[in-house]
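Biologist: Could you take me through one part of this model in close detail? I would like to see how a single helix sits among its neighbours.

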Amino acid sequence: MNILQINSSARREASHSTRLATRIVERLRDADAEATLTVRDLNRAPHPVLDESALGALFTPASQRTPDQAARVALDDALIDEIQAADVVVLGVPMYNFGVPAPLKNWIDAISRAGVTFRYTEKGPEGLLKGKKVYVALTRGGNYRNTPADTQVPYLKTVFTFLGLTDVHFVYAEGLSLGATAEQTAIASAYEQIEEAVAA
Ligand SMILES: Cc1cc2nc3c(=O)[nH]c(=O)nc-3n(C[C@H](O)[C@H](O)[C@H](O)COP(=O)(O)O)c2cc1C
């Protein structure tokens, strides 16, 4: 089993979402000692935004790209290779201003490529990243689960389903800014959710 861990918090050691993602990875490795792990920290190695020059590079046929364009596409190719090689993807995702962290959006823009990770057919779009499990550790200062303010879960479900990633488990740690007791309760609950998710 190949595990790909994606960390998206701006914080390092203090990050709850990274710690919870790491916990999920540990529990998966407890069940499979042979599992390999690739960790991509999207803040330590920032991926460039999808700007006009990136779009120009992506939409230029490979044989006609300039060296700069080829280099830009190669950055996205590396992320696509990583997720294609993974059997399990584990993401740590803080809520930032009611959305996902910008580096995670850049990662999603990089791995979403027509003809490679999805394609359009006569029956509609088809995701090509099939047969993988996804675990997402969500951390929030407040409590937004199952409310309209939670744009993260509907967004991630939509984009993952579009890419063929349909086996997705969400683990929530909410209320982390509401005092020490609320924080401890949230982390304990997240640990329980992790046990349920990895057993499912
Ligand atoms: C820039 C910033 C924006 C945030 N926006 C929200 C928010 O919109 N809603 C919320 O519940 N918490 C928000 N928080 C709190 C974080 O989600 C919370 O601290 C979480 O633990 C951060 O994840 P981490 O521990 O992995 O770094 C925000 C924190 C920061 C630093």
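Modeller: Happy to! One term to begin with: contact here means heavy atoms within 4.5 Å. Please keep in mind that this is a predicted model. Let's look at helix 6, which covers residues 180–199. Its 20 residues reach 29 Å from the first C-alpha to the last, close to the 28 Å expected at 1.5 Å a residue.

Which residues of helix 6 are buried? They are Ala186, Ile187, Ala190, Gln193, Ile194 and Ala197. Looking down the axis of helix 6, you would find these buried residues within an arc of 120°, so they line one face of the helix. Turned away from that buried side is a face with the exposed residues Thr181, Gln184, Thr185, Glu192, Glu196 and Ala199.

Now for the neighbours. The cover over the buried residues of helix 6 includes helix 1 (16–31), along with strand 6 (133–139) and strand 7 (167–173). Helix 1 deserves a closer look. It packs with helix 6 at an angle of about 30°, and the two axes are 10 Å apart. Angles under 35 degrees count as roughly parallel, so helix 1 is roughly parallel to helix 6. The crossing of these two helices is right-handed. On the helix 1 side, the contact is made by His16, Leu20, Arg23, Ile24, Arg27 and Leu28. Helix 6 contributes Glu183, Ile187, Ala190, Tyr191, Ile194, Glu195 and Val198. Among these, Ile187, Ala190 and Ile194 are residues you have already met as buried in helix 6.

Notes. Residues numbered from 1 in each chain as written. Predicted model: local features only at pLDDT ≥ 70, side-chain atom pairs only at ≥ 80, totals over all residues. Heavy atoms only, no water. Helix = DSSP H or I, 4+ residues; strand = E, 2+ residues; numbered from the N terminus. Expected span 1.5 Å × (residues − 1). Buried < 20%, exposed > 50% of the residue type's maximum accessible area, 1.4 Å probe, protein only. Arc of directions from axis to C-beta. Axes fitted to C-alpha atoms, helices over the stretch in contact; angles between N-to-C directions. Parallel < 35°, antiparallel > 145°, perpendicular 65-115°, else oblique. Left-handed = near helix turned anticlockwise from the far one by under 90°.
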